[in-house]
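Some notes follow on the model under review, set out as numbered points. Please read them with the coordinates open.

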Amino acid sequence: MTESKISDFKMFEKAPFEVPPARQLTELIMSGLKEVENTYGPVFARRFIKHALKFIAEKIGEKPPEDIKTLDQLKEYLISKSNVYPTSYSAAAYAQWRTENELQGQTGAGTQIGTIGSARSISDKPGLKKREVQVDQVLSNIRQSLVAIGCCPSELGYKENEDGSVDIIVPKCHFRDGCERAFDEGYLNRLDGRLQCGVATGWCILLKLSTGYEWDYDLLESYKPHCIQRCYMI
């Protein structure tokens with residue numbers, strides 16, 4: 001994508017942090033994963049923890065402790081390593097996609113459940129106006145809520161398309177490490193063959209909560225280093 005094309009997006013002002021704070025975002029992710037664990041059972045947590053620990057060990061060059069057995073223990077460990085690896089929650093993103101692929105063959109239902117659980121936590125925060133149909137106001141409300149709880153990319157922009165869809169650009173996604181590795185290893189295929197994006201899934205859920213309509217998405221560009229997601233009502 002050229003610089004002139006990026007300029008077509010309306011960019012929000014930068015968030016007051018370069019990457020989302022580790023504790024807030026890691027806690028949000030784990031709250032959603034507990035719903036996934038309820039779907040798959042204890043096997044999900046065991047495999048998820050194994051893959052997350054292996055991922056972060058390779059990132060920080062440090063052997064993880066062997067006594068981490070629960071998602072809450074893993075949460076605290078990932079947060080504790082944010083001083084040396086600020087986006088330590090990327091390990092959770094990678095581990096979820098890999099674990100779901102092992103348990104169901106393809107990413108889909110589990111990621112949807114986990115993201116729904118995380119989005120519910122966000123929707124409980126003040127600032128989201130349900131049934132609002134003005135795109136500018138809806139996106140502004142959602143972003144303000146995300147920034148307020150420390151779960152938003154530092155930079156974010158969007159543009160409306162003539163067909164009513166909305167393209168959202170994330171210049172530097174905080175999940176990129178985990179997402180790019182999952183893509184390279186073939187774990188990001190949705191059930192219909194399209195690429196999975198946890199951030200875009202979250203946006204569609206929050207857009208539904210804000211407008212009352214169902215939303216879906218296509219991942220248009222990724223790792224360039226920006227990502228562009230097209231969200232549309234269905």
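1. I79 belongs to helix α4, which covers residues 71–80. In this predicted model, I79 has a relative accessibility of 11% and, because the limit for a buried residue is 20%, is classed as buried. Beyond its neighbours within four places in sequence, I79 makes contact with A22, R23, T26 and S88. P21 is 58 residues away from I79 in sequence, yet the two C-alpha atoms are 9.2 Å apart.

2. The overall layout is as follows. The protein chain holds 9 helices and 5 strands. Read from the N terminus, the order is α-β-α-α-α-α-α-α-β-β-α-α-β-β. The chain has 234 residues, of which 53% are buried. Among contacts with a separation of 6 or more, 67% are between residues 24 or more positions apart. The accessible surface is about 11000 Å², and carbon and sulfur atoms supply 49% of that area.

3. The largest nonpolar core has 63 residues, and those touching the most other members are L33, F48, L74, L139, F175, W203 and C231. Helix α3 (residues 42–60) gives this core its largest share, 8 residues.

4. What does W203 contact once its neighbours within four places in sequence are set aside? The partners are L139, I142, L146, L156, I168, Q229 and C231. L139 and C231 also appear, with W203 itself, among the core residues that touch the most other members.

5. Three of these partners lead to helix α7, where L139, I142 and L146 are among the buried residues. The helix spans residues 135–148, 14 in number, and its first and last C-alpha atoms are 20 Å apart, close to the expected 20 Å. Is α7 enclosed or open? Since 10 of its 14 residues are buried, α7 is largely enclosed by the rest of the structure. The buried set is not purely nonpolar in make-up: S140, N141, R143 and S145 belong to it, alongside V135, V138 and V147. An α-helix has 3.6 residues a turn, so positions three or four apart point the same way. After α7 comes G150, with a positive phi near 70 degrees.

6. On aromatic residues, the count of ring pairs is 7. Y40, F44 and F48 form a cluster linked by such pairs. F48 is also listed among the core residues that touch the most other members.

7. Two charged side chains sit over rings. The charged end of K159 lies over the ring of F9, at 5.0 Å from the ring centre. The charged end of R190 lies over the ring of Y217, at 4.0 Å from the centre.

8. The loop between β4 (215–221) and β5 (227–233) deserves a look, and P225 is located there. Which form does the peptide bond between K224 and P225 take, cis or trans? The bond is cis, with omega about 5 degrees. Y223 lies in the loop between β4 and β5 as well. Y223 is not a glycine, but its phi is positive, about 60 degrees. For background, most residues other than glycine have a negative phi, and most peptide bonds are trans. With a relative accessible area of 15%, Y223 is buried.

Technical notes:
Residues are numbered from 1 along each chain as its sequence is written. This is a predicted model: local features need pLDDT of at least 70, side-chain atom pairs count only at pLDDT 80 or more; totals for chains, interfaces and linings use all residues. Side-chain values use heavy atoms; hydrogens and water are left out. Helices (H or I, at least four residues) and strands (E, at least two) are DSSP runs, numbered from the N terminus. The expected span of a helix is 1.5 Å times one less than its number of residues. Buried means under 20% relative accessible area, exposed over 50%, partly exposed in between (1.4 Å probe, protein chains only). Contact means heavy atoms within 4.5 Å. Accessible areas come from the Shrake-Rupley method with a 1.4 Å probe; for residues, only the protein chains shown count as cover. A nonpolar core is a set of buried Ala, Val, Leu, Ile, Met, Phe, Trp, Tyr and Cys residues joined through side-chain atoms within 4.5 Å. Rings of Phe, Tyr and Trp (its six-membered ring) pair if their centres lie within 6.5 Å; planes under 30 degrees apart count as stacked, over 60 as edge-to-face and the rest as tilted. A charge sits over a ring if NZ of Lys or CZ of Arg is within 6 Å of the ring centre and within 35 degrees of the ring normal.
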